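Subject: Structure handover and findings

Dear colleague,

Please find below the structure that I am handing over to you. The findings follow it, beginning with a question on one side chain.

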Amino acid sequence: MYGWHGWEWTLGGGLIMGLGMLMMWAVPIGLIVALVLYVNNQSRTTRQHETAIELLEKAYARGEINREEFLQKREDLLGAKNTLPQK
């Protein structure tokens, strides 16, 4: 039997059912992928930042500063913690 404008009902119905099946699989898979990406991104942003002492130690290890500079800057950083005003 023919529907509107000479089209068969099965052609339109099959197309709609095919798109429905595609969406039935695409939406859950897309949500799972989005969830995995979100969780992966969260683990990157929650990393601890390096402290000033760690950065100073790495600069010394790379040879960017000499021993005297390292010791002075370390003392400045550690001394600054001890001289903060107490409330």
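Does Arg62 count as buried or exposed, and at what relative accessibility? Arg62 counts as exposed, because its relative accessibility is 53% and the cut-off for that class is over 50%. Please bear in mind throughout that this is a predicted model.

Overall composition

The protein holds 3 helices and 0 strands. Read from the N terminus, its elements follow the order α-α-α. Of the 87 residues in the protein, 7% are buried. The accessible surface amounts to about 8,200 Å², and carbon and sulfur atoms account for 66% of that area.

Helix α1 and the nonpolar patch

Helix α1 spans residues 9–45. A nonpolar patch lies on the surface and is formed by Met21, Met24, Trp25, Ile29, Val33 and Leu37. Together these residues offer about 640 Å² of accessible area. Val33, one of the patch residues, has its place in helix α1. Why is Val33 classed as partly exposed? Its relative accessibility is 44%, and the partly exposed class lies between the limits of 20% and 50%. Val33 also passes the requirement of over 30% relative accessible area that applies to members of a patch.

Helix α2 and its buried side

Helix α2 comprises residues 52–61, and its buried residues are Ile53, Leu56 and Ala59. These residues lie on the same side of α2, because they cover an arc of only 125° around the axis. The general background is that an α-helix has 3.6 residues a turn, so residues three or four places apart point the same way.

Just after α2, Gly63 adopts a positive phi of about 85°.

The loop between α2 and α3

Both Arg62 and Glu64 are found in the loop between α2 and α3. Their side chains meet in a salt bridge, with a distance of 2.8 Å from N to O. The count of salt bridges comes to 1. The two side chains are also joined by a polar contact of 2.8 Å. How exposed is Glu64, the partner of Arg62? Glu64 has a relative accessible area of 53% and is therefore exposed. Arg62, as stated at the outset, is exposed with a relative accessible area of 53%.

The aromatic pair between α2 and α3

The count of aromatic pairs comes to 1. Tyr60 and Phe70 form this pair, which is stacked, with 4.6 Å from centre to centre and 15° between the planes. The stacked label applies because planes under 30 degrees apart are counted in that class. The pair links distant parts of the chain: Tyr60 belongs to helix α2 and Phe70 to helix α3 (residues 67–82), with their positions 10 residues apart in the numbering.

Which class of accessibility does each ring residue fall into? Tyr60 counts as partly exposed, because its relative accessibility is 32%. Phe70, by contrast, is buried, because its relative accessible area is 9% and the limit for burial is under 20%.

In summary, the points to inspect are the nonpolar patch that includes Val33, the buried residues Ile53, Leu56 and Ala59 of helix α2, the salt bridge of Arg62 and Glu64, and the stacked pair of Tyr60 and Phe70.

Yours sincerely

Terms used
Residues numbered from 1 in each chain as written. Predicted model: local features only at pLDDT ≥ 70, side-chain atom pairs only at ≥ 80, totals over all residues. Heavy atoms only, no water. Patch = residues over 30% accessible without salt bridge, like charges linked within 9 Å, V, L, I, M, F, W, Y side chains within 5 Å. Areas by Shrake-Rupley, 256 points an atom, 1.4 Å probe, with all protein chains shown as cover. Salt bridge = Lys/Arg side-chain N within 4 Å of Asp/Glu carboxyl O. Helix = DSSP H or I, 4+ residues; strand = E, 2+ residues; numbered from the N terminus. Buried < 20%, exposed > 50% of the residue type's maximum accessible area, 1.4 Å probe, protein only. Arc of directions from axis to C-beta. Phe/Tyr/Trp six-rings, centres within 6.5 Å; stacked < 30°, edge-to-face > 60°. Polar contact = N/O pair within 3.5 Å; in protein donor to acceptor, adjacent residues only side chain to side chain.
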